[in-house]
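Student: Could you take me closely through one part of this model, the sheet and what packs around it, and then say how the aromatic rings are arranged? I would like the reasoning spelled out wherever a label depends on a cut-off.

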Amino acid sequence: MSEQTTRRSVSVVGLGPMGQSMVKAFLAAGVEVTVWNRSTDKVDAMVELGAERAATVADALAANDVTVLSLTHYAAMYDVLGPAVDHLDGKVIANLSSDSPEKARKGGEWVRAHGAEFLSGGVMSAGDNITHPASYIFYSGPREVFDAHAELLRPLSPQEYLGADDGLAQIYYQALLTIFHPWLLAFDQATAMIEKSGHDIDRFLPFAVRSSAAYPYFMAEFSAANKAGGWATVASLKMMDAGAQHIIDASEEVGVDATFSHTAQTFWRKAVAASEEKGEAVSTYALMRGDKS
Ligand SMILES: NC(=O)c1ccc[n+]([C@@H]2O[C@H](COP(=O)([O-])OP(=O)(O)OC[C@H]3O[C@@H](n4cnc5c(N)ncnc54)[C@H](OP(=O)(O)O)[C@@H]3O)[C@@H](O)[C@H]2O)c1
């Protein structure tokens, strides 16, 4: 194969922790990278690693067929690409920033209206460690656009193409983040409770890991239950309400904020009240869906 056919190159716009990880992954895979960022100190750091500096966004777009965006949200895409819309024609924008599905769809429409192809992505990584074995990226957008550029984007993480709807990557990404955020805060509460009770987080950690081995079982059980309207008996809802109270007490006895557990308890109590009103068990799942009885 000639050098001409093996040369791979890409532009990366947005050099927060995630954009920087992406630049490093591309460079490590031998992909030439041109970078632009609003704050230039981050550009300097990437240039030191071997990336090319683009003086303007227009230059970054012009440098390569494909530009990866790694920005805080979709609003930043308009701020960044807005002044360079005349340079979008014929290009490919892979926006791997997080936002709502609807904002991703609107973003896709906007990019295409300026003559570029568009892919949306959700980076399911272990923090900004995109080379972690658990990390992968959801993609959505036109299949042919994904197929044409999958090889170039592969150094970023394993890929999961979901479908043509531009919002799809964000639906899956945000659903998984919906689980992750409360887990993270609950872990803070649990470890604060351990420490403020005079114990060692390191001793607790293996038990937390061991308990998480049951999560796949619960996920399978609750997926089946939720497809059938959700898990609930009045007795089980009352048991969860009592359980939430025990967690609140264990936290508050040692001065740990139990806001989260109070919120959980609110759900169990709402479900108990709805069940009593309806005369049959109403699940928290049905309440969250907003199902009308
Ligand atoms: N970091 C993670 O662990 C992680 C994991 C999974 C997914 N993600 C997602 O990946 C995306 C990037 O993550 P990140 O941690 O790198 O985010 P970040 O720290 O918020 O930085 C993203 C970049 O957005 C730029 N930016 C924000 N608003 C802008 C605007 N109005 N105009 C121009 N540039 C703007 C910042 O420029 P400046 O440098 O000039 O401020 C920065 O380069 C986010 O959507 C995030 O949710 C992140």
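Tutor: What follows goes from the chain as a whole to the sheet, then to two helices, and finally to the aromatic rings.

The model is a predicted one, and its chain has a secondary structure of 13 helices and eight strands. Along the principal axes, the C-alpha atoms fill a box of roughly 70 × 45 × 35 Å. Of the 293 residues in the chain, 38% are buried, and among the contacts with a separation of 6 or more, 59% join residues 24 or more positions apart.

The sheet is open and has eight strands, in the order β3-β2-β1-β4-β5-β6-β7-β8, with mixed pairing. At its edges stand β3 (52-53) and β8 (159-163), and because each has a single partner strand, one side of each is left without a neighbour in the sheet. Further in, strand β5 (residues 92-95) pairs with strand β6 (residues 117-124) in the parallel sense, over four bridges, and I93 stands opposite F118 in β6.

Strand β4 (residues 66-69) holds T67, a residue whose relative accessibility is 0%, so that it counts as buried. If its neighbours within four places in sequence are left aside, T67 is in contact with S11, V13, A60, L61, V92, I93 and A94. I93, which faces F118 across the β5-β6 pairing, is thus also one of the contacts of T67.

Helix α8 (residues 168-196) lies across β6, β7 (136-140) and β8, and runs at about 15° to β6. Helix α7 (residues 143-153) can be described by its two faces. Its buried residues are V145, F146, H149, A150, L152 and L153. These cover an arc of only 160° around the axis, which puts them on the same side of α7. The face turned away from that buried side carries E144 and A148, both of them exposed.

As to the aromatic rings, a search of the whole structure finds eleven aromatic pairs. One of them joins Y136 and F138, whose ring centres are 5.1 Å apart and whose planes stand at 90°, so this pair is edge-to-face, the label given to angles over 60 degrees. The two partners differ in exposure class, since Y136, at 24% relative accessibility, counts as partly exposed, whereas F138, at 5%, counts as buried; the cut-off for buried is under 20%.

F218 and F222 make another aromatic pair, with 6.3 Å from centre to centre and 55° between the planes, and this one is tilted. Both residues lie in helix α10 (residues 215-227), four residues apart, which is about one turn of the helix. An α-helix has 3.6 residues a turn, so residues three or four places apart point the same way. F218 is partly exposed, with a relative accessible area of 40%, and F222 is also partly exposed, with 33%. These two rings belong to one aromatic cluster, which is formed by Y217, F218, F222 and W231.

A ring can also have a charged side chain over its face, as with F267, where K270 lies over the face at 5.3 Å from the ring centre.

Definitions and conventions:
Residues are numbered from 1 along each chain as its sequence is written. This is a predicted model: local features need pLDDT of at least 70, side-chain atom pairs count only at pLDDT 80 or more; totals for chains, interfaces and linings use all residues. Side-chain values use heavy atoms; hydrogens and water are left out. Rings of Phe, Tyr and Trp (its six-membered ring) pair if their centres lie within 6.5 Å; planes under 30 degrees apart count as stacked, over 60 as edge-to-face and the rest as tilted. Buried means under 20% relative accessible area, exposed over 50%, partly exposed in between (1.4 Å probe, protein chains only). A charge sits over a ring if NZ of Lys or CZ of Arg is within 6 Å of the ring centre and within 35 degrees of the ring normal. Two strands pair if DSSP finds at least two bridges between them. Contact means heavy atoms within 4.5 Å. Axes are lines fitted to C-alpha atoms, for helices over the stretch in contact, and angles run from 0 to 180 degrees between N-to-C directions. The arc is that of the directions from the helix axis to the C-beta atoms.
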